[in-house]
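Q: I'd like to learn how to read a model like this one. Could we walk through a few features together?

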Amino acid sequence: MAKVVCVLYDDPVDGYPTKYARDGLPKLDRYPGGQTLPTPKAIDFEPGVLLGSASGELGLRKFLESAGHSLVVTSDKDGPASIFERELVDAEIVISQPFWPAYLTEERIAKASRLKLAITAGIGSDHVDLQAAMDRGITVAEVTYCNSISVSEHVVMMILGLVRNYIPSYQWVVKGGWNIADCVARSYDIEGMQIGTVGAGRIGSAVLRRLKPFDVKLHYTDRHRLPEAVEKELGVTFHQDPASMVGVCDVVTINAPLHPETENLFDETMIARMKRGAYLVNTARGKICNRDAIARALESGQLAGYAGDVWFPQPAPKDHPWRSMPHHGMTPHISGSSLSAQARYAAGTREILECWFEGRPIREEYLIVDGGKLAGAGAHSYSAGDATRGSEEAARFKARSDPR
């Protein structure tokens, strides 16, 4: 019997939904490129319902308890007095989402003597100290590809939202105005613009494919170069590193994992290399961008706009400067947690658990750390080390406060 601790975000302020805007989801069998969607033996939820909040429980309770395991679900994750910290001590498995990460720091891992498996219900396991996991022989797995397309759609939405000045224009309507000049004074077409992605993996490549029909000029940088045929198909120009790419771009989108090599990549120096009035979109990880350098660049006009849904820490403290800086289009971390994506990452989490309990190998593409080293997707995307430092600031956010 295993103790499973699952950390999920809070239910809606009006309570867990009793009905939804749409009935069901489109049926998908494979991701672009041919990888199959998660294949658990069964699921105990209806695709299209809210699974990522505390009451949704990722649809796991019946499955786990019927097999004799125990499940603790909480949204209280930050600080030494949190439920997560208390329950972690004798947990064998921890599950959390990148949108409300249960930070598994070196200190927390040291307290969790029975911990054997950390599952990310989604993509991106930087909230786990991967070096400490390797040192302790803890397996780290995530549901690779489950929400890559979800995030790529969000990226395109944010690029258009920034460049077309959508959010301020919408706000004029809400305020009862018809202020066309105010709306269009910062509005441009993306047609003909130079747009580059830092990272061209599943998300970055999907962004490039979705932007191509807009008649823009595409660029990318990645430590793994795309096949020549793909570069030709997309009409995309490769750059050896971000520093050599950003100066030619009107829009830069960040689609790279967070690890020690990408932490603080977009600092004052990198932003100064960008065109004056460029736009920066970051749906990767907040820590890839220097918090204060971004705010200063928006205030000075070096950046015309910044959008993203990733912060550090998460949830962001209420005084985080990205909440109040000018010309931003920030959202909470939602790009990969649409109801569509939740159905996939909940099913993938169950698939990983089924493999674990039955002693079957976890899919190679789901593995981040295994056998004391980076493995699978982790070996391709991460470097050894720790990116959790500073996560204790998340305790300053009062999780159950009602922003209304």
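**Reading the model step by step**

A: Happily! Leaving aside neighbours within four places in sequence, Arg350 is in contact with Pro40, Ala42, Ile43, Asp44, Leu60 and Phe63. Do keep in mind that this is a predicted model.

Q: Is Arg350 buried or exposed?

A: The cut-off for buried is under 20% relative accessible area. Arg350 has 9% relative accessibility, so it counts as buried.

Q: Which helix does Arg350 lie in, and what does that helix touch?

A: Arg350 belongs to helix α13. We'll get to what the helix touches once the sheet is in view.

Q: Then how do I read the sheet, and what is its strand order?

A: The general idea is that strands of a sheet pair through backbone hydrogen bonds, either parallel or antiparallel. Here, seven strands form an open sheet with mixed pairing, in the order β2-β1-β3-β4-β5-β13-β14. At the edges are β2 (70-74) and β14 (373-374); each has a single partner strand, so one side of each is left without a neighbour in the sheet.

Q: How many bridges join β1 to β3?

A: Four bridges link β1 (residues 3-7) with β3 (residues 93-96), and the two strands run parallel. In this pair, Cys6 stands opposite Ile95 of β3. Now for the helix: α13 (residues 339-358) packs on the sheet, touching β3, β4 (117-120) and β5 (139-142), and its direction makes about 170 degrees with that of β3.

Q: Where does pLDDT stay under 50?

A: That happens over residues 399-404, for which the model has eight contacts beyond four places in sequence. The chain averages a pLDDT of 96, and 98% of the residues score at least 70.

Technical notes. Residues are numbered from 1 along each chain as its sequence is written. This is a predicted model: local features need pLDDT of at least 70, side-chain atom pairs count only at pLDDT 80 or more; totals for chains, interfaces and linings use all residues. Side-chain values use heavy atoms; hydrogens and water are left out. pLDDT is the predictor's confidence in each residue, from 0 to 100. Contact means heavy atoms within 4.5 Å. Two strands pair if DSSP finds at least two bridges between them. Axes are lines fitted to C-alpha atoms, for helices over the stretch in contact, and angles run from 0 to 180 degrees between N-to-C directions. Buried means under 20% relative accessible area, exposed over 50%, partly exposed in between (1.4 Å probe, protein chains only).
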